[in-house]
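Here is a short tour in questions and answers. Keep the structure in view as you read.

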Amino acid sequence: MQISEVQIRLNGRTGDRLRAYCSITLDNEFVIRDLRVIDGPHGPFVAMPSRRLVASCVRCGQKNHLRARFCNECGTSLPERLVRTDASGREKLYADVAHPTHTDCRKRIEQSILRAYEEELRLAAKPGYVPRCMGDDESDADARASASPVVSADSRSAGVTPSAGLSPARVPRRTC
Ligand SMILES: [Zn+2]
């Protein structure tokens, strides 16, 4: 599995442990979004995309956060025993929606993202820096959809392998 592209969008809020949002493309054909660079006690690390765990209210069926004490919809008291703990005793409130199955893959993903993150920090220190778009809104998604067929048609007709033309450095930046 090749990590063919990494996109980083720095978190502009200073003092926040969440340093950046990232997306990665695998083998030029599968994108995973919502990875995050977090500033941990031993330096930055990569968090996998995750969803917040919820539990349904026994009375009305409303989905509530696991730590909620009362249902958001009907006010019924909710049991606290729903929160589980992981191997190190921390409360498990989120679950990864995509994650590597072995350490080697996790390392490769983390190293690629942290390299791109460091590079983005260098770029951000220069005047005129424009943060990268991550496809979080409709207009950006449309721009990607209309631009990508042209790129693939060009690379096919020129006999170039797709990976050659898709390095992050050569993808033009758009303003958000
Ligand atoms: Zn309820």
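pLDDT is the predictor's confidence in each residue, on a scale from 0 to 100. It applies here as this is a predicted model.

Q: What pLDDT does the chain average?
A: The score is given per residue, from 0 to 100. In this predicted model, 75% of the residues score at least 70. The chain average is 80.

Q: Over which residues does pLDDT stay under 50?
A: Some caution is due for one stretch. The model has 26 contacts beyond four places in sequence for it. The stretch under 50 is residues 137-175.

Q: How many helices and strands does the chain have?
A: Read the pattern along the sequence: β-β-β-β-β-β-β-β-β-β-α-α. The strands are written before the helices in that pattern. The count is two helices and ten strands.

Q: In what order do the four strands of the open sheet lie?
A: The pairing in this sheet is antiparallel. The edge strands are β1 (3-10) and β4 (43-47), and each pairs on one side only. From one strand to the next, the twist averages 25 degrees. The order is β1-β2-β3-β4.

Q: Which helix packs on the sheet?
A: The helix touches β1, β2, β3 (30-40) and β4. Its direction makes about 45 degrees with that of β1. It covers residues 103-124, and it is α1.

Q: How many bridges join β1 to β2?
A: These two strands run antiparallel, and β2 spans residues 18-26. One bridge pairs isoleucine 3 with leucine 26 in β2. The number of bridges between β1 and β2 is seven.

Q: What is the bridge partner of leucine 26 in β3?
A: β2 and β3 pair in the antiparallel sense over seven bridges. Leucine 26 takes part in this pairing, and its partner in β3 is phenylalanine 30.

Q: Which residue takes a positive phi in the hairpin of β2 and β3?
A: This hairpin has three residues between the strands. The phi in question is near 50 degrees. The residue is aspartate 27.

Q: How many residues lie between β3 and β4 in their hairpin?
A: The two strands pair in the antiparallel sense over five bridges. In one of them, isoleucine 38 has phenylalanine 45 of β4 as its partner. The number of residues between the strands is two.

Q: How many residues make up the largest nonpolar core?
A: Its members include Val6, Ile24, Leu35, Val46 and Ile109. β1, β2, β3 and α1 each supply at least two residues of this core. The core has eleven residues in all.

Q: Which residues does isoleucine 109 touch, not counting residues up to four places away in sequence?
A: Isoleucine 109 belongs to the largest nonpolar core. Val46 and Ile24 are also members. Its contacts are Ile3, Ile24, Val46 and Pro100.

Q: Is arginine 51 buried or exposed?
A: Arginine 51 is found in strand β5 (residues 50-52). A residue counts as exposed if 12 or fewer other C-beta atoms lie within 10 Å of its own. Arginine 51 has 10 such atoms, so it is exposed.

Q: How far apart in space are arginine 51 and aspartate 96, C-alpha to C-alpha?
A: In sequence the two are 45 residues apart. Arginine 51 also touches Tyr94, Ala95 and Val97. The C-alpha to C-alpha distance between arginine 51 and aspartate 96 is 6.4 Å.

Definitions and conventions. Residues are numbered from 1 along each chain as its sequence is written. This is a predicted model: local features need pLDDT of at least 70, side-chain atom pairs count only at pLDDT 80 or more; totals for chains, interfaces and linings use all residues. A residue is buried if 20 or more other C-beta atoms lie within 10 Å of its own, exposed if 12 or fewer, and partly exposed in between; C-beta atoms are placed from the backbone. Two residues are in contact if their C-beta atoms, placed from the backbone, lie within 7 Å. Two strands pair if DSSP finds at least two bridges between them. Axes are lines fitted to C-alpha atoms, for helices over the stretch in contact, and angles run from 0 to 180 degrees between N-to-C directions. A nonpolar core is a set of buried Ala, Val, Leu, Ile, Met, Phe, Trp, Tyr and Cys residues joined through C-beta atoms within 7 Å.
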